[in-house]
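Trainee: Before we discuss anything, could you please put the sequence and the model in front of us?

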Amino acid sequence: MKRIARFEKVSAAQFAEGFEGANAAEVYESIKLPKRATSGSAGYDVYAPFDIRLAPGETIKVPTGIRVWIEDGWVLKIYPRSGLGFKFRLQLNNTVGIIDSDYYNSDNEGHIFIKITNDSNEGKTVEIPAGTGFAQGIFVEYGITLDDDADGVRNGGFGSTT
């Protein structure tokens, strides 16, 4: 296996800026870095930093408190955990989250946010306790075209390069 990345916490101040709650310091201290569950797992489980409860049709933007350094030529793709998607139709609002290697150096420290929706059509409420995996990230190598001449510099996340 190639070792091409490293998960880290963002600073406590950066987490507090993205967290909408009074107990940011307490939540920050309990943040777990993503881990694989087994040696054969492709995905790194991303853990809920706080309790999440979503009734059908509800959406939440989760500040994970994590960032990731990735070697050039690789990307981290974020998906919902398979079981949550299967049992509750838990969906990422952008279908697949793409974390580029240059996001790490953004002004927001590369803080990864994951926006999820309970898309249940069976009336099921999703409850995810703090510290439980709710998303998974998979590192994928990618290529570029022979005539690529991109020279832009990222500073931010969603929509920052257009």
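Trainee: How many bridges join β2 to β11?

Mentor: This is a predicted model, in which local features need pLDDT of at least 70, side-chain atom pairs count only at pLDDT 80 or more, and totals for chains, interfaces and linings use all residues. Residues are numbered from 1 along each chain as its sequence is written, and side-chain values use heavy atoms, with hydrogens and water left out. Strands are DSSP runs marked E of at least two residues, numbered from the N terminus, and two of them pair if DSSP finds at least two bridges between them. In β2 and β11, which run antiparallel, Tyr44 has Gly137 of β11 as its bridge partner, and the number of bridges joining the two strands is four.

Trainee: In what order do the four strands of the open sheet with β2 and β11 stand?

Mentor: The edges are held by β2 (44–47) and β8 (97–100), each of which has a single partner strand, so one side of each is left without a neighbour in the sheet. Neighbouring strands of this sheet are turned against each other by 30° on average, direction ignored, where the axes are lines fitted to C-alpha atoms and angles between N-to-C directions run from 0 to 180 degrees. The pairing is antiparallel, and the order is β2-β11-β6-β8.

Trainee: Which residue in β9 is the bridge partner of Ile60?

Mentor: Here we turn to an open sheet of three strands with antiparallel pairing, in the order β4-β9-β7. Its edge strands, β4 (59–63) and β7 (90–92), each pair on one side only. Five bridges join β4 to strand β9 (residues 113–118), and the partner of Ile60 in β9 is Ile116.

Trainee: How many residues apart in sequence are the parts that the pair of Glu141 and Lys2 ties together?

Mentor: Side chains of opposite charge can pair when their charged atoms come close. The side chains of Glu141 and Lys2 meet in a salt bridge at 3.7 Å, N to O, a salt bridge being a side-chain nitrogen of Lys or Arg within 4 Å of a carboxyl oxygen of Asp or Glu. Because Glu141 lies in strand β11 (residues 133–141) and Lys2 in the segment before β1 (5–9), the parts tied together are apart in sequence by 139 residues.

Trainee: Is Glu8, which forms a salt bridge with Arg6, buried or exposed?

Mentor: The closest N and O atoms of Glu8 and Arg6 are 2.9 Å apart, and these two residues are linked with Arg67 in a network of salt bridges. The classes follow relative accessible area, with buried under 20%, exposed over 50% and partly exposed in between (1.4 Å probe, protein chains only). Arg6 counts as partly exposed at 42%, whereas Glu8, at 18%, is buried.

Trainee: What is the relative accessible area of Lys124?

Mentor: Lys124 forms a salt bridge with Glu122, the closest N and O atoms being 3.1 Å apart. Glu122 is exposed at 57%, while Lys124 is partly exposed, with a relative accessible area of 33%.

Trainee: What is the mean pLDDT of the chain?

Mentor: pLDDT is the predictor's confidence in each residue, from 0 to 100, and 95% of the residues in the chain reach 70 or more. Over residues 158–162, however, the pLDDT is below 50. For the chain, the mean is 94.

Key. Contact means heavy atoms within 4.5 Å.
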